[in-house]
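Open the model in your viewer and keep the selection panel at hand. We will go from stop to stop.

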Amino acid sequence: MKTQTVIVTGASSGIGKEVARHFLANGDNVVINSATAEKLEQVYNELGAGPNLAMVAGNVKDKTTGEQLVATAIEKFGSVDVLVNNAGIFGTKPFLEVDEAYLDSFLDTNLKGTFFTTQAAIPQMLKQKQGVVINIGTPLVNKAFGGVPATAPISSKGAIHALTLQLAAEFGKSNIRVNTVAPGVIRTPMHAENADDSAGIHLLNRVGEVEDVAEMVYTVAKSKFITGAIINVDGGTAAGHNLN
């Protein structure tokens, strides 16, 4: 299989780090990103700091970060084949307590980060006449839980799902495929030690592991006939949940 160059945002922990590790293990070139330079450097070294790995620190809400990621990928490896828009945040706050600053924090990282990083990558993909964009969403966009007051992050993730479909429509004829992978609750630092408390919202009655998501992201990246898809990697959350 042809070696590809993959950009992974939000790669300093959790899903992003495992996605980067998975592509590296399968022989691809990877450019990792995080808003926190110190954490990013730690992961860069943890992943081997080899010749097929590069890093760019910066907040994806800033357009310049996406531009730097693309420039680094081209300079180091000559192409931008896959963009994984993984950088994202989640939190809960009752709807009536959400102020503009709180809402903006999710729109900035989740929506603007995905939007502008993709905007930076697609011109290079057009030149190459091929490319793959994989966004990270959530099944909670289509399955709400009354006990989880998360209107701000879910609104931003819903926009990502909609953006995925529109980008797939606009760039499909140019052989650029755009999809969303939507994880359930995954055992990551975001959920700290409480991840297993959410086991029951999955039909499998357990939470997911970062490897589960990384394997699907890799599969979608390598497939040639999947676009405009929202793919749930959620242990059945979108289908239902356990009452016990």
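The tour visits a strand, its neighbours and then two pockets. Keep in mind that this is a predicted model.

**Stop 1: strand β5.** Select 131–136. Is this strand buried or exposed? Six of the six residues of β5 are buried, so the rest of the structure largely encloses it. Colour the two faces separately. G131, V133 and N135 lie on one side, V132, I134 and I136 on the other, and both sides are covered. In a regular strand, side chains alternate between the two sheet faces.

**Stop 2: β4.** Add residues 82–85. β4 runs parallel to β5, joined by four bridges. Look for V82, which stands opposite V132. Now show helix α4, residues 100–128. β4, α4 and β5 form a right-handed β-α-β unit.

**Stop 3: β6.** Select residues 176–183. β6 pairs with β5 in the parallel sense, over six bridges. Find T180 in β6, the bridge partner of N135. Add helix α5, residues 151–171, to see a right-handed β-α-β unit made of β5, α5 and β6.

**Stop 4: the second largest pocket.** This pocket holds about 250 Å³ of space. Its lining includes M1, K2, Q130, R177 and K224. Both β5 and α6 (210–222) give two or more residues to that lining. By type, the lining has three nonpolar, five polar and four charged residues.

**Stop 5: the largest pocket.** About 1,000 Å³ of space lies here. Centre the view on G88, I89, F90, T188 and M190, which lie nearest the pocket's centre among 44 lining residues. Then select α1 (14–25) and β2 (29–34), each supplying at least two lining residues. α1 gives the largest share, three residues. The lining divides into 19 nonpolar, 23 polar and two charged residues.

Definitions and conventions
Residues are numbered from 1 along each chain as its sequence is written. This is a predicted model: local features need pLDDT of at least 70, side-chain atom pairs count only at pLDDT 80 or more; totals for chains, interfaces and linings use all residues. Side-chain values use heavy atoms; hydrogens and water are left out. On a 1 Å grid over the protein atoms alone, a cavity is a set of points where a 1.4 Å probe fits but cannot get out, and a pocket is an open set with protein on both sides within 12 Å along at least five of seven lines; lining residues have an atom within 4 Å of a point. Grid points are joined across faces, edges and corners, and a volume is the space filled by probe spheres set on the points. Ala, Val, Leu, Ile, Met, Phe, Trp, Tyr, Cys and Pro count as nonpolar, Asp, Glu, Lys and Arg as charged, and the others, Gly among them, as polar. Buried means under 20% relative accessible area, exposed over 50%, partly exposed in between (1.4 Å probe, protein chains only). Two strands pair if DSSP finds at least two bridges between them. A crossover is right-handed if, with the strands pointing away from the viewer, the path from the first strand over the helix to the second runs clockwise.
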